[in-house]
Amino acid sequence: MKHILSFLLILICSTNTMMSQTTITGIVSDDAGVLPDVNILINESQKGTVTDNEGYFEITAKKNDELSISHVGFETKYVTIDEQRGLAVILESNMALDEVVIVATKLKGCRLTTSCFSIGCNIECSVLGKDVKTNEEVYSPSGLKLYPNPSPRGVFTLNLHRRYGEVEVQVTDILGQMILIKSFRNGNKRLEIDLSPYPTGMYIVNTMVDGKRLPTKKAIVG
């Protein structure tokens with residue numbers, strides 16, 4: 001009987017060790033520096049988080065969990081949790097040059113110089129050897145932000161880079177089931193999405209503006 005009890009105690013301790021979870025921390029960056037708003041998801045679960053303004057994240061996971069690390073414009077990276085507690089993840093860009101749409105006004109005697117970033121492009125004009133910044137700022141379709149994310153209350157703000165005539169927001173759960181469709185007409189650049197009636201977890205937000213689809217966002221409730 002004593003041996004049986006000892007065996008059961010060892011089995012319980014081993015099971016608890018295998019199932020124990022640990023806080024994993026990390027920094028996500030690219031060649032230019034740290035990356036905010038990167039989505040960190042434990043595959044085959046609804047657990048996830050996003051990086052802060054310093055590219056830092058924390059998430060609770062167990063050994064052999066696989067993390068999916070993704071951001072618009074970058075290749076998704078997968079990391080399997082082993083014995084490590086801290087991660088340094090570098091994402092590689094997958095954006096081709098023809099994915100950036102630039103619209104500029106031609107100025108007589110002006111040489112246009114365009115600097116493009118993930119949220120848009122700045123246009124500068126050089127006239128007679130002098131640099132003159134124009135007031136025009138042209139954004140690519142990735143000029144879209146969802147915050148706060150995660151949201152403890154389940155209420156999110158969708159920040160568009162400009163006003164659109166018609167905006168439709170579609171929200172699905174992690175299994176692809178539609179849970180919310182909301183339309184806005186002649187709205188502001190900031191729209192509110194209320195997911196507070198729904199359980200905590202990860203949701204997928206698709207946004208259509210004037211018939212064009214913007215990059216998909218992941219919203220985390222709780």
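Burial, contacts and a surface patch

User: Why is Ser-151 called buried in this predicted model?

Analyst: The relative accessibility of Ser-151 is 2%, and because buried means under 20% relative accessible area, this residue of the predicted model counts as buried. Ser-151 is found in the loop between strand S12 (144-147) and strand S13 (155-160).

User: What makes the pair of Ser-151 and Val-155 a polar contact?

Analyst: A polar atom of the Ser-151 side chain lies 3.0 Å from the backbone oxygen of Val-155, and a polar contact requires a pair of N or O atoms within 3.5 Å, so the distance of 3.0 Å meets that cut-off.

User: Which residues is Ser-151 in contact with, leaving aside its neighbours within four places in sequence?

Analyst: They are Phe-156, Ile-220, Val-221 and Gly-222. Phe-156, which is found in strand S13, is in turn in contact with residues including Leu-146, Leu-191, Ile-193 and Ala-219, and the C-alpha atoms of Phe-156 and Leu-191 are separated by 8.4 Å although these residues are 35 apart along the chain.

User: How do you know whether Phe-156 is buried or exposed?

Analyst: Its relative accessible area is 1%, and since the limit for buried is under 20%, Phe-156 is buried.

User: Why is Tyr-56 given an intermediate label, and where is its place?

Analyst: Tyr-56, in strand S5 (residues 56-61), has a relative accessible area of 31%, and because partly exposed lies between under 20% and over 50%, Tyr-56 is partly exposed. Together with Ile-27 and Val-34, Tyr-56 forms a nonpolar patch on the surface, with about 210 Å² of accessible area together.

Terms used
Residues are numbered from 1 along each chain as its sequence is written. This is a predicted model: local features need pLDDT of at least 70, side-chain atom pairs count only at pLDDT 80 or more; totals for chains, interfaces and linings use all residues. Side-chain values use heavy atoms; hydrogens and water are left out. Helices (H or I, at least four residues) and strands (E, at least two) are DSSP runs, numbered from the N terminus. Buried means under 20% relative accessible area, exposed over 50%, partly exposed in between (1.4 Å probe, protein chains only). A polar contact is a pair of N or O atoms within 3.5 Å; within protein, one must be able to donate a hydrogen and the other to accept it, and residues adjacent in sequence count only if both atoms are side-chain atoms. Contact means heavy atoms within 4.5 Å. Patches are made of residues with over 30% relative accessible area and no salt bridge: like charges are joined within 9 Å, nonpolar side chains (Val, Leu, Ile, Met, Phe, Trp, Tyr) within 5 Å. Accessible areas come from the Shrake-Rupley method with a 1.4 Å probe; for residues, only the protein chains shown count as cover. A salt bridge is a side-chain nitrogen of Lys or Arg within 4 Å of a carboxyl oxygen of Asp or Glu.
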